[in-house]
Amino acid sequence: MDFELNETQTLVRDTARQYAERVLRPQAAAFEKAEKIPAEVLAEMAGLGLMGVNLPAARGGAEAGPVSYALAMMEVARGCASTAVTMAVTNMVGEVIEAFGTEAQRAQHVTALASGAYKAGAFALSEPEAGSDPGAMRTTATFEGGRWVLRGAKQWITSGDIAGVFVVWARTGAPGTAGLSAFLVEGGTPGLKVGHHEDKMGLRGSSTVPLSFDECSVPEGALLGSLGGGFKIAMMALDGGRIGIGAQCVGVATAALEEAVAYAKDRQQFGKTIGEFQAVQWMLADAKTELEAARLLVLRAASLKEARRPFSQEASVAKLFASETAWRVVNRAVQVHGGYGYTREFAAERHLRDIRVAQIYEGTSEVQRIVIARNLLRG
Ligand SMILES: Cc1cc2nc3c(=O)[nH]c(=O)nc-3n(C[C@H](O)[C@H](O)[C@H](O)COP(=O)(O)OP(=O)(O)OC[C@H]3O[C@@H](n4cnc5c(N)ncnc54)[C@H](O)[C@@H]3O)c2cc1C
């Protein structure tokens, strides 16, 4: 067991850290207020290799592996959680097209995602009536006159207003998960309509939109993977995605803990800094301990993926633990800040709003427990 980072991992982590410290952390509140991440920030991140950390160099990716990706995600999230989720979905979309796409699909879309020619990628699985249960999906794709025609609606699509390419799941066959297929739909395709931004609790710099597919016609070659193979593609993508969200949680909680420590060293009450009170020390110590455990779980799942070993169970364990840990850590950070923690003067309240969704998206905590228990009982 080796806890040391190699040269590539160190370089990727440091690159992401420097960018996050210089550009993201100072502007995260402004991104939230503007309800968008500036296009130049997304382009700069692509230029640094952050939009395709685990994609081949031949397609413009950093080819740095899943551990580097997790480390980069922790650093970007430490700077700005909204930017981190945009990066997470874009990397996930690039990886899924690289894994399941034809040579033509990879050449067109993976290169555009990694290079920043597309601002972002989008992953369109959820629907108004199908969240935890994708088998209830109602969007259909039918083969008509040599083209696929998509009809239906999607819900909660991250970056759906700026994405250059969408991976869209639709029913091509029987009810349930066996009848699902995945398609690549380019942004701006006629019939793909983008709704208004959701008015969210947090992650307000990241756009989340509903989509509707109104007679949306795409070429035969837009099918990703095999007909009826969509559910497998979604589950494999989400396994990797859960490492990304676990890493996002570690990053946000790291920022919150750093800020709580700084505040505890500065704020005075009863003639002492509050960091001298044991009650505050214990909050910080518990936060640090749980955060380190979350970091190791995320990196373990990433290193299994890097070694091309099964990692589905470990990704769910990491995502469940990291998301619930981050919530506790950030909540303690608010507590350490006292009344000021409840105001926008300090970042703690934004971290709390931003990280709440990590227990919901990429599979809720309940869904992670179902996956983990199913694996245990099957074994
Ligand atoms: C900010 C944000 C961004 C998102 N981005 C994307 C995106 O880019 N692409 C995308 O496809 N989706 C995205 N989502 C959707 C997200 O993945 C879903 O919200 C999530 O999967 C839960 O689905 P749901 O909201 O329909 O909740 P539901 O599935 O209706 O669940 C409601 C509650 O019931 C519980 N529940 C459901 N089934 C069970 C069960 N069998 N056992 C126990 N409890 C259960 C859930 O855990 C939850 O507590 C995003 C969501 C948000 C909020």
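**Exercise 1. Where does the ligand sit?**
Domain 2 (123–228) and domain 3 (231–378) both give residues to the shell around the ligand, so the ligand lies between them. Your task: work out which residues and elements make up this shell.

*Solution.* Before we start, note that this is a predicted model, where local features need pLDDT of at least 70, side-chain atom pairs count only at pLDDT 80 or more, and totals for chains, interfaces and linings use all residues. Residue numbers run from 1 along each chain as its sequence is written.

Step 1: 22 residues surround the ligand, and the closest are G131, S132, T158, T364 and E366. A residue is near a molecule here if its C-beta atom, placed from the backbone, lies within 6 Å of it.
Step 2: β1 (120–124), β3 (147–158) and α10 (365–378) are the elements that give two or more residues to the shell. Helices (H or I, at least four residues) and strands (E, at least two) are DSSP runs, numbered from the N terminus.
Step 3: sort the shell by type, and you get 12 nonpolar, 7 polar and 3 charged residues. Ala, Val, Leu, Ile, Met, Phe, Trp, Tyr, Cys and Pro count as nonpolar, Asp, Glu, Lys and Arg as charged, and the others, Gly among them, as polar.

**Exercise 2. How do domain 1 and domain 3 touch?**
Describe the side of domain 1 that touches domain 3.

*Solution.* Step 1: find the domains. The chain is divided into domain 1 (7–118), domain 2 (123–228) and domain 3 (231–378), with bounds from an automatic or database domain assignment.
Step 2: the C-alpha centres of domain 1 and domain 3 are 20 Å apart. Their contact takes 22 residues from domain 1 and 23 residues from domain 3, where two residues are in contact if their C-beta atoms, placed from the backbone, lie within 7 Å.
Step 3: on the domain 1 side, α1 (7–34), α3 (65–79) and α4 (81–100) give two or more residues each. The largest share, 11 residues, comes from α3.
Step 4: this side divides into 16 nonpolar, 2 polar and 4 charged residues.

**Exercise 3. Check two helices.**
Compare the lengths of α8 and α5 with what you'd expect, then see what is buried.

*Solution.* Step 1: the expected span of a helix is 1.5 Å times one less than its number of residues. For the 25 residues of α8 (residues 312–336) that gives 36 Å, and the end C-alpha atoms are 36 Å apart, which agrees.
Step 2: α5 (residues 103–115) has 13 residues and reaches 17 Å from its first C-alpha to its last, close to the expected 18 Å.
Step 3: now for burial. A residue is buried if 20 or more other C-beta atoms lie within 10 Å of its own, exposed if 12 or fewer, and partly exposed in between, with C-beta atoms placed from the backbone. In α8, 18 of the 25 residues are buried, so α8 is largely enclosed by the rest of the structure.
Step 4: in α5, the buried residues are H109, V110, A112, L113 and A114. Their cover includes α2 (39–47), α4, β1, β4 (163–171) and β5 (180–186).
Step 5: look just past the ends. G338 takes a positive phi of about 55 degrees just after α8, and G116 takes one of about 90 degrees just after α5.

**Exercise 4. What is in the core?**
Which residues have the most contacts inside the largest nonpolar core?

*Solution.* Step 1: a nonpolar core is a set of buried Ala, Val, Leu, Ile, Met, Phe, Trp, Tyr and Cys residues joined through C-beta atoms within 7 Å. The largest has 124 residues, and A70, M73, V76, F183, V298 and V330 have the most contacts inside it.
Step 2: helix α6 (residues 230–266) supplies the largest share, 18 residues.
Step 3: zoom in on A70. Skipping neighbours within four places in sequence, A70 is in contact with I243, A247, V298, L299 and A302.

**Exercise 5. Two positive phi values.**
S159 and F270: which is buried and which is exposed?

*Solution.* Step 1: most residues other than glycine have a negative phi.
Step 2: S159, in the loop between β3 and β4, has a positive phi near 65 degrees. With 27 C-beta neighbours inside 10 Å, S159 counts as buried.
Step 3: F270, in the loop between β9 (268–269) and β10 (272–273), has a positive phi of about 55 degrees. With 8 C-beta neighbours inside 10 Å, F270 counts as exposed.
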